[in-house]
Amino acid sequence: AGRIQLRLQRSFPSLFSGLSLSNDNATIDVYATTLSPGLKAAVGNLDPEGWVRYYRCRNTLSSLYSVQGALLAKWAGLTHQGIDVAGFGTTITSNCEEIDVIHLTQAQLVLLRQEFGADKVCIRSTEALNRDKHLG
């Protein structure tokens, strides 16, 4: 799936948002900002052995990876501001960059949304013992 995703991302950077496979590889879910005939043809040429479902979403995979790069570049600065980022990663099915913050405050939530785009991030407060509290 990784090679297929990379090929589609390179071919359709302004449309493609990612893909996911079912556990038995019988279904391929394709996420895109716009479903173009070219993208459908490219997916069809992959000759999947099962069902292909398409989902429209807001963010391209390239834009989410840009958020990830910005987070990586600004991680030390965020720590200096008292924002304890425990981790982050792109989630295709949620179409966002998930950010885990230890003991997230409302002010930090607002700052992170402004800095990285409220429509591009899903931010969770991570407490002790890996108990998560979803805030946005």
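Throughout this tour, a residue is called buried at under 20% relative accessible area, exposed at over 50%, and partly exposed in between, using a 1.4 Å probe and protein chains only. What you have open is a predicted model, in which local features need pLDDT of at least 70 and side-chain atom pairs count only at pLDDT 80 or more, while totals for chains, interfaces and linings use all residues. Residues are numbered from 1 along each chain as its sequence is written, and side-chain values use heavy atoms, with hydrogens and water left out.

**Stop 1: the whole chain**

Start with everything selected and colour by pLDDT, the predictor's confidence in each residue, from 0 to 100. The chain average is 89, and 90% of the residues score at least 70. Now switch to a cartoon view, where helices (H or I, at least four residues) and strands (E, at least two) are DSSP runs numbered from the N terminus. You will find four helices and seven strands, and walking from the N terminus their order is α-β-β-α-β-α-β-β-α-β-β. Which elements have the lowest and the highest mean pLDDT? Strand E7 (residues 132-134) sits at the bottom with 56, and helix H4 (residues 106-116) at the top with 97.

For a sense of scale, the C-alpha trace spans about 50 × 30 × 20 Å along its principal axes. Of the 136 residues, 38% count as buried. Turn on the surface next: the accessible area, from the Shrake-Rupley method with a 1.4 Å probe and, for residues, with only the protein chains shown as cover, comes to about 7,900 Å². Carbon and sulfur atoms own 51% of that surface.

If you like to think in charges, count Lys and Arg as positive and Asp and Glu as negative, leaving out His and the chain ends. Each charge is placed at NZ of Lys, CZ of Arg, CG of Asp or CD of Glu. The mean positions of the 13 positive and 12 negative charges then lie 6 Å apart.

One last global number concerns contacts, meaning heavy atoms within 4.5 Å. Among contacts with a separation of 6 or more, 49% come from residues 24 or more positions apart.

**Stop 2: Gln5 and Tyr65**

Select Gln5, which belongs to helix H1 (residues 2-11). Gln5 counts as buried because its relative accessibility is 14%. Skipping neighbours within four places in sequence, Gln5 is in contact with Phe16, Gly18, Leu19, Leu61, Tyr65 and Ile92. Draw a C-alpha to C-alpha distance from Gln5 to Phe16 and it should read 8.8 Å, for a sequence gap of 11 residues.

Follow the contact to Tyr65, in helix H3 (residues 61-80). Tyr65 has 34% relative accessibility, so this residue is partly exposed. Beyond four places in sequence, the contacts of Tyr65 are Gln5, Gln9 and Thr90. Gly89 is 24 residues from Tyr65 in sequence, with 8.9 Å between their C-alpha atoms.

**Stop 3: the tyrosine pair**

Show the aromatic side chains. Rings of Phe, Tyr and Trp (its six-membered ring) pair if their centres lie within 6.5 Å; planes under 30 degrees apart count as stacked, over 60 as edge-to-face and the rest as tilted. How many aromatic pairs does the structure hold? There are two. One of them joins Tyr31 and Tyr55, stacked at 5.2 Å centre to centre with 20 degrees between the planes. This pair links distant parts of the chain, with Tyr31 in strand E2 (residues 27-32) and Tyr55 in strand E3 (residues 51-56), 24 residues apart. Tyr31 is buried at 9% relative accessibility, whereas Tyr55 is partly exposed at 34%.

**Stop 4: along strand E5**

Jump to Asn95, in the loop between strand E4 (84-91) and E5. Although Asn95 is not a glycine, its phi is positive, about 55 degrees. Is Asn95 buried or exposed? With 8% relative accessibility, Asn95 counts as buried.

Move on to Ile102 in strand E5 (residues 96-102). Ile102 is partly exposed because its relative accessible area is 30%. Not counting residues up to four places away, Ile102 touches Asp84, Ala86 and Thr126. Gly87 lies 15 residues from Ile102 in sequence and 9.4 Å away, C-alpha to C-alpha.

Finish on His103, in the loop between E5 and H4. His103 is another residue other than glycine with a positive phi, near 55 degrees, and at 48% relative accessible area it is partly exposed.
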